[in-house]
Amino acid sequence: MYRVMINGTRHEVDAEADTPLLWVLRDFLSLTGTKFGCGMGLCGACTVSLNGRPVRACSLPLGDVGDAQVQTIESLAASGELNPVQQAWLELDVAQCGYCQSGQIMAATLLLEQNPAPDDAAIDAAMAGNLCRCGTYQRIREAVKLAAS
Ligand code: FES
């Protein structure tokens, strides 16, 4: 049994230590906003926040989460209002197929928490690990700037 803090709530999870956090979120806690893309830490679809830093939930074993605060895409609009990144994503119609976008939004949100006014280079560096097969990169960049403004 492991105790984990997810979106401000403590959960007890009866899973093996090597269970990826992604499956804890999706299968044990029904937090399906975090997506499975590659399962190897390469695409960023499963990006969540661990103590304010982006991590790949597919590659983080439950046993390594410890006392860290995990935030998922579900936490961003927990107040009932979309966060500025989500609002910018909607306003600029960023999503195409949409599959990677929760990971993109998490990465962008965490970027803006660290750097409220990122330039193009900072945006590209922060978002480089989040792949989009539809090629929405230009709209992602513009939406990050809009959210920052
Ligand atoms: Fe985790 Fe691709 S599903 S990085």
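These legends go with a set of close-up views of the structure above.

The model is predicted, so local features are described where pLDDT is at least 70 and side-chain atom pairs count only at pLDDT 80 or more, while totals for chains, interfaces and linings use all residues. Residue numbers start from 1 along each chain as its sequence is written.

**View 1. Two domains side by side.** The domain assignment splits the protein into domain 1 (2-75) and domain 2 (84-148); such bounds come from an automatic or database domain assignment. Their C-alpha centres sit 21 Å apart. Across the boundary, 15 residues of domain 1 are in contact with twelve residues of domain 2, where a contact takes two C-beta atoms, placed from the backbone, within 7 Å. On the side of domain 1 that touches domain 2, the elements giving two or more residues are β3 and β4. β3 has the largest share of that side, with three residues. Helices here are DSSP runs of H or I with at least four residues, strands are runs of E with at least two, and both are numbered from the N terminus.

**View 2. The largest nonpolar core.** This core counts 39 residues, and Leu21, Ala57, Trp89, Ala108, Ala143 and Val144 have the most contacts inside it. To qualify, buried Ala, Val, Leu, Ile, Met, Phe, Trp, Tyr and Cys residues must be joined through C-beta atoms within 7 Å. Buried is taken as 20 or more other C-beta atoms within 10 Å of a residue's own, exposed as 12 or fewer, and partly exposed as anything in between, with C-beta atoms placed from the backbone. At least two core residues come from each of β1 (2-6), α1 (21-28), α2 (84-91), α3 (101-114), α4 (120-127) and α5 (137-148). α3 is the top contributor, with six residues. Because domain 1 (2-75) and domain 2 (84-148) both give residues to it, the core lies between them. Zoom in on Ala57 and, leaving aside neighbours within four places in sequence, its contacts are Pro20, Leu21, Leu22, Leu25, Thr34, Cys46 and Val48.

**View 3. The two sides of α2.** Val85, Gln86, Ala88 and Trp89 are the ones to look for here: in α2, they are buried. They cover an arc of only 160 degrees around the axis, so they share the same side of α2; the arc is that of the directions from the helix axis to the C-beta atoms. Flip to the other side of α2 and you find Leu90 and Glu91 exposed. The buried residues of α2 pack against α3 and α5. Just after the helix comes Asp93, with a positive phi near 50 degrees.

**View 4. The five-stranded sheet.** Follow the open sheet of five strands in the order β2-β1-β5-β3-β4, and you'll see that the pairing is mixed. Strands pair when DSSP finds at least two bridges between them. β2 (9-13) and β4 are the edge strands, each pairing on one side only. From one strand to the next, the twist averages 40 degrees. β1 and β5 run parallel, joined by two bridges, whereas β3 and β5 (residues 69-71) run antiparallel, also with two bridges. α3 lies across β3 and β4 and runs at about 35 degrees to β3; axes are lines fitted to C-alpha atoms, for helices over the stretch in contact, and angles run from 0 to 180 degrees between N-to-C directions.

**View 5. The β3-β4 hairpin and Ser49.** β3 (residues 47-50) and β4 (residues 53-56) pair in the antiparallel sense over four bridges. Two residues separate the strands of this hairpin, and Asn51 in the turn has a positive phi of about 50 degrees. Ser49 has Pro54 as its bridge partner in β4 and Gln71 as its bridge partner in β5.

**View 6. Ile6 in its surroundings.** Ile6 belongs to strand β1, and its bridge partner in β5 is Val70. Ile6 counts as buried because it has 22 C-beta neighbours inside 10 Å. Setting aside neighbours within four places in sequence, Ile6 is in contact with His11, Leu29, Val70 and Thr72. Gln96 is 90 residues from Ile6 in sequence and 28 Å from it in space, C-alpha to C-alpha.
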